[in-house]
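Thanks for sharing this one. Here are my notes, point by point, to read alongside the coordinates.

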Amino acid sequence: MNGKLVDFVGEGKRKDGSTFWVSMNIRIMHQNGKVSGTEGIVRDITERKLAEKEIVWAKDQAEESERKYHELFNEMIDGFAYHEIILDNAGNPTDYIILEVNKAYEKHLNVQGVNVVGQKASTFLSDEELQHWLEIFGAVAISGQSSNYRMYSPKDQKYFEGKAYCPEKGKFAITFSDVTEKELAEKSLIEKEKEYRTLVENLSAGLVVHDASSAITFANIAASQILGLTDDQLTGRSAIDPTWNFRKEDLSIMPVADYPANIVLDTGEPLKDYILGIYRPDLGYIVWVICNGYPVFDSSGKINNVVITFVDITRRKNAEQEVIRAKGMIEESEYRLKLATASGKLGIWDWNLVENTMIWDERMFELYGTTHDTFPNNIDAWINGLHPDDKQMAIDACNAALNGEKDFNTSFRVLHPDGKILHLKADGSIIRDIDGKPLRMIGINKDITETKQAEEALLESEKRIQKKLNNLLSPESDISELALEDIIDTDVIQSLAEDFFRITNIPIVIIDLEGKVLVGKSDSFWKDICLKFHRAHPETLANCIECDTVLTKGTPKGIFKSYLCKNNLWDNATPIIIGGRHLGNLFTGQFFYEGEKPDDEIFREQAVRYGFDEKSYMEAVGRVPIYSREFINNVMAFFIKLSNMISSLSHTNIVLAKVLEQHKQTEKELIKAKERAEEGDRLKSAFLANMSHEIRTPLNSIIGFSELLNDPDYEPEQKTEFTKTIAQNGTNLLVIINDIMDLSMLEARQVKIRKEQFAVKGLLSDLENEFSTKAHKKELKFIVNIPATLENKTIESDYYRLRQVFNNLIGNSIKFTNKGVIEIGFLPIDKGVEFYIKDTGIGIASEFHEEIFERFRQVDETRTRKYGGNGLGLSISKNLVEVLGGKIRIESEPGKGSIFYFTISDN
Ligand code: ADP
């Protein structure tokens, strides 16, 4: 019997040491219970065995890697999830299922894997979110193309950045990491930058950033404002551009190397408080800035950027200069004042407005008649001194100067405590701060009393002369009121006297009865003794007057008198008699008769007695001429002739002048009379011509119809019609005659005007009452327009005449308007009102605007029938307005209506 089959696998070693495998199937044979032998198959299975081993290893490896993958998968910092996309029939993604998520996924999204794995996205996403993600992930799962995405989880306020990819068609995986911190950091960086930018942009200081080549890469708003350039003009412009036109403090052009950016680039050092001027052609002046600059280095230590900041200090700079200028001005003006006052005896005043302190020099005290003791030390010093009548005017002048309205140069009177009045002229200049506020006022006062008085006297005398001249020339004038001065031509006689003196050495002196020297004013010896001494002392003056009286009183024409006066000098005189009136005398001036000169001793005594300076008195006496009696007789014969000539010439002159003047007046009157007569003639003939023509028409019809009344052929009814026509024409005739009469009276200026005060509103209301019904009958609106502020306006004029003007103008407006509005009203003008009457009627072509104001003028004569009227209304109105002191005018266009305006003055 066969034994059992035994299979086994054995491992053996070859002689070379290598391993081999065999499998054996052996049957052990038994015979009689004993192993009789074996039979079997041995197979070399080394290769198979090796392959098996390989598989086991590979499996181990696979397991190991799976384990590691899971470990990794779960330990990954990035979130991971694996999904399957769900498509609809059309193959469009509709949802997706989450197949697997890692721990990081759970952590990042704050979910439990068990809750989401196996779930459809639609279970926890809103429709909108689902659509959003389907768009991204669907494309990835279908196309196989990876895609990056960003995600914000509002729930946890986290930002994620992820990638979706497609490991297998229809599936997609995502990995994502939490970038919240990064994102927030970026965001805050952007915020910060924005903040800084805003800060820099709005800095009142200018800020400019240059790059290493000095080109501008950034400039803030203030910078472009200060530099006067736009952002575009600035960006890229380099600091080496010479067109910058920068200035140094001394106003010279700044070299390019000294530009702030270039200095920083050159030195690599910060620049501090560097002052520079920027000439601004658009402004026409220099803007001053103070600059600071610093370099910005890159990591290699090279200058990357230069930052320059600058502040506008123009105001400060100008103020500094202003102060310097003002200081200079003060010094200069003080110096000038000193010079001026020294020479002109001027008073100087210096008023500090800030502290209200007043400083006066000594002369000021004299001018105001005050002393240091009563000096108030402020502006009151001046105000108190002003004459009450001039106070306000002077203060106003000062205020006007302080307000910059005009310079301070004025004159006023001051009243001294002792009652003395001086006229002062004041000039002043004001020193102001940069804003124009007055700080100090310095000026001078000058005594102009004498000039003022002389001026007044001159004015007075001019007035007097003028009056006299008028008197003289007026036909009724009486020359007996005239003074010698007004009659004789002193200039001509003066020049004659001078010639005479040159030839004869004898002065001709003409003195009027009041003692006024009219001729002989030239300096000559007699004046010395007479004016400097004898007429300068009351006692010797009395002697002179006595002498004058003796010489001149009652001396008839053609006679001269000689007199030795009590001052011991001779004088001769002959009277000047004009038109029978003794008006003055001709003197030779004082002299001594030859051989009769009194002793010098007498004059020395006189000097002592009257307190004359003896030496100069004796010298004056020595210059008194000495003439022989014969010589004097000849001279006086000449003087008498001269006096007669002066008298008769002057008298003739006056008479001639008067005649001429009368002649002129008569001539003027004649011309006027002639003109009046001519005008009257013209008016009369025009009046008659018009009247006859205008009156004939109605009159003809009156006469015609009146005759018919007597005709038995007509029926009584017809005759009633005739009477109506006659009455109508009679009325027309009356209107025409009235109008013509009115006009004639007006043109002859025969109309009496009775002015009264009345309210304009009342007048217009009366007119409304009168005309509105008439207007309404023609379906015209009638408006009265009174300015709201002038409801109570009154004028002084002739109410009745004014009504007449309105009646004509409103009557015309209604007559010539078929549709629309008639408006009457007024507007204020300088010293009165301007009334207007406005209509929307047929209007008047401009060529008729003047003509229609003439008598009997109508735009279209043929219309007379249509509209009626005689063409006198406007002529009467114009005349009336003019008589009332106003003017009438028209604005009108055919088809558009007319406005008639006329002015009436308040009184
Ligand atoms: P009349 O009696 O003809 O109205 P006026 O002297 O008052 O005489 O006016 C002269 C002419 O001026 C009128 O005939 C008319 O042609 C013109 N006229 C005056 N007022 C008006 C007006 N408001 N609108 C149009 N035309 C006017």
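1. At roughly what angle do the axes of α22 and helix α23 cross? The answer is roughly 30°, and the axes of α22 and α23 (residues 799–815) come within 11 Å. Since angles under 35 degrees count as roughly parallel, α22 and α23 are therefore roughly parallel to each other. Please keep in mind throughout that this is a predicted model.

2. Staying with that pair, α22 passes α23 in a right-handed crossing. On the α22 side the contact includes Leu763, Leu764, Leu767 and Phe771, along with Asp766, Glu770, Lys774 and Ala775. They meet Tyr799, Leu802, Arg803, Phe806, Asn807, Ile810, Gly811 and Ile814 in α23. Sorted by class, the contact of α22 with α23 has ten nonpolar, two polar and four charged residues.

3. Helix α22 (residues 760–777) has a second set of neighbours: it lies across β28, β30 (820–829) and β31 (832–839). Relative to β28, helix α22 runs at about 175°.

4. Those strands belong to an open sheet of five, in the order β28-β30-β31-β33-β32, with mixed pairing. The edges are taken by β28 (780–785) and β32 (888–893), each with a single partner strand, so one side of each is left without a neighbour in the sheet. From one strand to the next, the twist averages 15°.

5. At the β32 edge, β32 and strand β33 (residues 897–905) pair in the antiparallel sense over six bridges. If you want a register check, Ile890 stands opposite Phe900 in β33.

6. A further open sheet of five strands has the order β16-β15-β19-β18-β17, and here the pairing is antiparallel. Its edge strands are β16 (357–360) and β17 (408–415), each pairing on one side only. The twist in this sheet averages 25° from one strand to the next.

7. For the register at the β16 edge, strand β15 (residues 347–352) and β16 pair in the antiparallel sense over four bridges, and Asp350 stands opposite Ile359 in β16. Helix α12 (residues 388–402) lies across β15, β17, β18 (421–432) and β19 (438–447). With respect to β17, helix α12 runs at about 155°.

8. Next come helix α18 (residues 600–610) and helix α19 (residues 614–623), whose axes come within 10 Å and cross at roughly 140°. The two helices, α18 and α19, are therefore oblique to each other, and their crossing is right-handed. From α18 the contact uses Asp600, Phe603, Arg604, Gln606, Ala607 and Val608, and from α19 Glu614, Tyr617, Met618 and Val621. By class, this contact of α18 with α19 has six nonpolar, one polar and three charged residues.

9. Helix α21 (residues 716–747) and helix α25 (residues 873–883) pack at an angle of about 35°, with their axes 10 Å apart. The crossing of α21 and α25 is left-handed. Asp739, Asp742, Leu743, Leu746 and Glu747 of α21 make the contact with Ser875, Ile876, Asn879, Leu880 and Val883 of α25. These residues divide into five nonpolar, two polar and three charged.

10. Finally, a word on confidence. The protein chain has a mean pLDDT of 84, and 91% of its residues reach 70 or more. Where is confidence lowest in the protein chain, and where is it highest? The lowest is in helix α24 (residues 863–867), at a mean of 54, and the highest is in β32, at 95.

Note on methods:
Residues numbered from 1 in each chain as written. Predicted model: local features only at pLDDT ≥ 70, side-chain atom pairs only at ≥ 80, totals over all residues. Heavy atoms only, no water. Axes fitted to C-alpha atoms, helices over the stretch in contact; angles between N-to-C directions. Parallel < 35°, antiparallel > 145°, perpendicular 65-115°, else oblique. Left-handed = near helix turned anticlockwise from the far one by under 90°. Contact = heavy atoms within 4.5 Å. Nonpolar A, V, L, I, M, F, W, Y, C, P; charged D, E, K, R; others polar. Pairing = 2+ DSSP bridges. pLDDT = per-residue confidence, 0-100.
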